[in-house]
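Biologist: Could you take me through this structure, beginning with the terms you rely on?

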Amino acid sequence: MKARIFLGLFTALIFLSSCTRNNGDIGELFGRWRVETVKVDGVEEKLYDDDTLLYTWSFQGSLMFISVINPDNSYYNIMGTWSMADGVLHLDFSYKGNDGDKYYDPPENLHMVKDGVSDMKVIRLTSRKMTLERVSEEGVRYVYHLKKAY
């Protein structure tokens, strides 16, 4: 009887203490975010068409993934890293791999820096919504509105 109680408590302790986040708690940014809109100098960019159903951004540890979801429910992930300091989110897509540039280059209509770092000022970040702003070297202002999917 005591062995069953001990085993039950031990099992519960393991499940309650297990970590669901790689490299610790990263706060509000953790999870998957749907890209709602991108505005280019105040004009909304057409994000979705017959080829792309949805873009999501996922953050875990220091990794960042952009999922490109197609209408037939196929998808692929673009991989990068992220860091945040002084209210600026740094998204780094300067990596390359043997599996091709498709998996390391952000989609054109998201207007991020290929082979480099996109610095985005955090305008708003709550547990459900995120607004980011990036000004390109040419002076073009991009505003990203994202909503937490989960």
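Modeller: Buried means under 20% relative accessible area, exposed means over 50%, and partly exposed lies in between, with a 1.4 Å probe and protein chains only. On that basis, buried residues account for 34% of the 150 residues in the protein.

Biologist: What kind of model is it, and how are residues numbered?

Modeller: This is a predicted model, in which local features need pLDDT of at least 70 and side-chain atom pairs count only at pLDDT 80 or more, while totals for chains, interfaces and linings use all residues. Residues are numbered from 1 along each chain as its sequence is written, and side-chain values use heavy atoms, with hydrogens and water left out.

Biologist: How many helices and strands does the protein have?

Modeller: The protein has one helix and nine strands. Helices (H or I, at least four residues) and strands (E, at least two) are DSSP runs, numbered from the N terminus. Along the sequence the pattern reads α-β-β-β-β-β-β-β-β-β.

Biologist: What surface area does the protein expose?

Modeller: About 9300 Å² is exposed, and carbon and sulfur atoms supply 54% of it. Accessible areas come from the Shrake-Rupley method with a 1.4 Å probe; for residues, only the protein chains shown count as cover.

Biologist: Which strands pair with strand 7?

Modeller: Two strands pair if DSSP finds at least two bridges between them. Strand 6 (residues 88-92) runs antiparallel to strand 7 and is joined to it by five bridges. Leu89 stands opposite Met120 of strand 7. Strand 8 (residues 129-135) also pairs with strand 7 in the antiparallel sense, over four bridges.

Biologist: And which residue is the bridge partner of Lys121?

Modeller: That partner is Glu133, in strand 8. The connection from strand 7 to strand 8 is a hairpin through three residues.

Biologist: Where is Leu125, and is it buried or partly exposed?

Modeller: Leu125 belongs to strand 7 (residues 117-125). Leu125 counts as partly exposed because its relative accessible area is 28%.

Biologist: Which residues does Leu125 touch?

Modeller: Not counting residues up to four places away in sequence, Leu125 touches Glu28, Leu29, Trp33, Met84 and Met130. Contact here means heavy atoms within 4.5 Å. From Leu125 to Gly87 the C-alpha to C-alpha distance is 9.9 Å, and the two are 38 residues apart in sequence.

Biologist: What about contacts over the whole protein?

Modeller: Among contacts between residues at least 6 apart in sequence, 47% join residues at least 24 apart.

Biologist: Changing topic, what is in the largest nonpolar core?

Modeller: A nonpolar core is a set of buried Ala, Val, Leu, Ile, Met, Phe, Trp, Tyr and Cys residues joined through side-chain atoms within 4.5 Å. The largest one has 25 residues, and those with the most contacts inside it are Trp57, Phe59, Ile66, Leu91, Leu110, Met112 and Tyr144. Elements giving two or more residues to this core include strand 1 (31-40), strand 5 (75-85) and strand 9 (141-148).

Biologist: Where is Asn109, and why does it count as buried?

Modeller: Asn109 is in the loop between strand 6 and strand 7. Asn109 counts as buried because its relative accessibility is 15%.

Biologist: What does the side chain of Asn109 reach?

Modeller: The Asn109 side chain reaches the backbone oxygen of Leu47 at 3.2 Å, and it makes a polar contact with the side chain of Tyr55 at 3.0 Å. A polar contact is a pair of N or O atoms within 3.5 Å; within protein, one must be able to donate a hydrogen and the other to accept it, and residues adjacent in sequence count only if both atoms are side-chain atoms.

Biologist: How many salt bridges are there?

Modeller: The count is five salt bridges. A salt bridge is a side-chain nitrogen of Lys or Arg within 4 Å of a carboxyl oxygen of Asp or Glu. One of them joins Lys96 and Asp115, with the closest N and O atoms 2.7 Å apart. Both residues lie in the loop between strand 6 and strand 7, so the pair ties together parts that are 19 residues apart in sequence. Lys96, Asp105 and Asp115 are linked in a network of salt bridges.

Biologist: Does Glu133 come up again, and is it buried or exposed?

Modeller: The side chains of Glu133 and Arg141 meet in a salt bridge (2.4 Å, N to O). Glu133 is buried, at a relative accessible area of 16%, whereas Arg141 is partly exposed, at 40%.
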